[in-house]
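The exercises below are to be worked through with the sequence and the model side by side. Each gives a task and then a solution in steps.

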Amino acid sequence: MTMSSDNPRLVVIHPSQLAGTVLPVGPGRRSLGRGHAADLRLDDPHVSSIHAALSQADGQTSVEDLGSRNGTLVNGEPVRRPQVLHDGDVVQFGMVRARYEVPGSTGMMPPARPVQDRPVRFDIDRQTGGQINNVGRDQHHHYVQERDSFLRHVAAARTRSLRLIWLSLALMFSGGLVYLWGIYIEGQARNSVTGDDLNGYMNDYLNSMENSGPGKLPPMSPGLRHVVEEVNTAMSVEMIGRIIGAVGVMLFLLAVIMHIVAAARGRKVDTDPRHAWNAPAQRRRVGEWD
């Protein structure tokens, strides 16, 4: 499909081996990435298979990141939602930087090497009144939308896992602080015991065993009773710290597993045959289309 010279475009300015490459921006929505399934291809290892989407509607062009591994930036700022582009904006896909240009703007444009749009195939099987096979642009855009939706879910899963990782680290750190506080309280309490109080209690305990037999504890002095209460409180604080830390460790392991699964799903977007856009086109009988 040929592009009009009046259409906006992205012109690659970095790296040098891709400098001057033109990515035409036409009406509608187009995917951009390194994979063969992308409408606009950038052959760079830092670009994901399906990295971002470019949409043009009502005279405006917007860019949207599709859960790429290395992110999309506009003028150095990360793209977290669809962002409208203006003439002269620099868009970065991974390590590839491109300048958005609108026809009629001032300034020299670098020599262009237009990227050919992916050819659209219309395969029409022999129609005998029984079967029709039509794989065209409508079906292609349907698959692109499905793929974009899938990548958004992958990006959301990555975001959730990263938030869970930070939460788990906070819990582990907090649990460690609580545990250390309990140890500090216990140490202070034990250090406050005077030798006279301890010796007096031990003597009372031995005398009680001689007079009444084992099993009956003598009364404690007020100072010693306070120390015992402080030690018990400290041990409870230490236990709470251990529990908080253990919860943090379990959440951390869960978050790491979630992140690994999401990353693996993102890498298999163009290879996993379970995805509808990677499955071969299926034939349907006349009248079975929705």
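**Exercise 1. Determine whether Glu-101 and Arg-9 are buried or exposed, and trace the salt bridges in which Glu-101 takes part.**

Solution. In this predicted model, begin with accessibility: Glu-101 and Arg-9 are both buried. For Glu-101 the relative accessible area is 5%, and because buried means under 20%, this residue falls within that class.

Next, take the contact between the two side chains, which meet in a salt bridge with an N to O distance of 3.4 Å. The pair connects distant parts of the chain, since Glu-101 belongs to strand S11 and Arg-9 to strand S1, with their positions 92 residues apart.

Then look for a further partner of Glu-101: Arg-99 also forms a salt bridge with it, and here the closest N and O atoms are 2.9 Å apart. Arg-99 has a relative accessibility of 23% and therefore counts as partly exposed. Through shared partners, Arg-9, Arg-99 and Glu-101 are joined into one network.

**Exercise 2. Find the salt bridge between Glu-64 and Arg-29, and state which strands it links.**

Solution. The structure holds 3 salt bridges by the rule applied, and one of them joins the side chains of Glu-64 and Arg-29 at 3.3 Å, N to O. Locating the partners shows that this pair, too, links distant parts of the chain: Glu-64 is in strand S6 (residues 60–65) and Arg-29 in strand S3 (residues 28–33), 35 residues apart. As to exposure, Glu-64 has a relative accessible area of 12% and is buried, whereas Arg-29, at 23%, counts as partly exposed.

**Exercise 3. Give the strand order of the open sheet that contains S3 and S6, and name its edge strands.**

Solution. The sheet is open and consists of 5 strands in the order S4-S3-S5-S6-S9, with mixed pairing. Its edges are strand S4 (40–41) and strand S9 (83–84), each of which pairs on one side only. Within the sheet, S3 and S5 run antiparallel to one another and pair over 5 bridges; Ser-31 stands opposite Ala-53 in S5.

**Exercise 4. Identify the residues of the largest nonpolar core that touch the most other members, and the strands that each supply at least two residues.**

Solution. The core has 20 residues, and those touching the most other members are Leu-10, Leu-42, Leu-54, Val-63 and Phe-93. At least two residues come from each of strand S1 (9–14), strand S5 (52–57), strand S10 (90–93) and strand S11 (96–101), and S11 gives the most, with 3 residues.

To examine one member, set aside residues up to four places away in sequence: the contacts of Val-63 then include Ala-52, Ala-53, Leu-54, Val-74, Val-79, Leu-85, Val-91 and Phe-93, and also Thr-72, Arg-81, Pro-82 and Gln-83. Apart from this core lies another, of 9 residues, among them Ala-38, Leu-66, Phe-150 and Ala-157.

**Exercise 5. Explain why the rings of Trp-181 and Tyr-184 are classed as stacked.**

Solution. A search of the whole structure finds 1 aromatic pair. The ring centres of Trp-181 and Tyr-184 are 5.5 Å apart and the planes stand at 25°, so the pair is stacked, because planes under 30 degrees apart count as such. Both residues lie in helix H1 (residues 137–191), 3 residues apart, which is about one turn of the helix. Finally, Tyr-184 is partly exposed, with a relative accessible area of 46%.

Methods:
Residues numbered from 1 in each chain as written. Predicted model: local features only at pLDDT ≥ 70, side-chain atom pairs only at ≥ 80, totals over all residues. Heavy atoms only, no water. Core = buried A, V, L, I, M, F, W, Y, C linked by side-chain atoms within 4.5 Å. Buried < 20%, exposed > 50% of the residue type's maximum accessible area, 1.4 Å probe, protein only. Helix = DSSP H or I, 4+ residues; strand = E, 2+ residues; numbered from the N terminus. Contact = heavy atoms within 4.5 Å. Phe/Tyr/Trp six-rings, centres within 6.5 Å; stacked < 30°, edge-to-face > 60°. Salt bridge = Lys/Arg side-chain N within 4 Å of Asp/Glu carboxyl O. Pairing = 2+ DSSP bridges.
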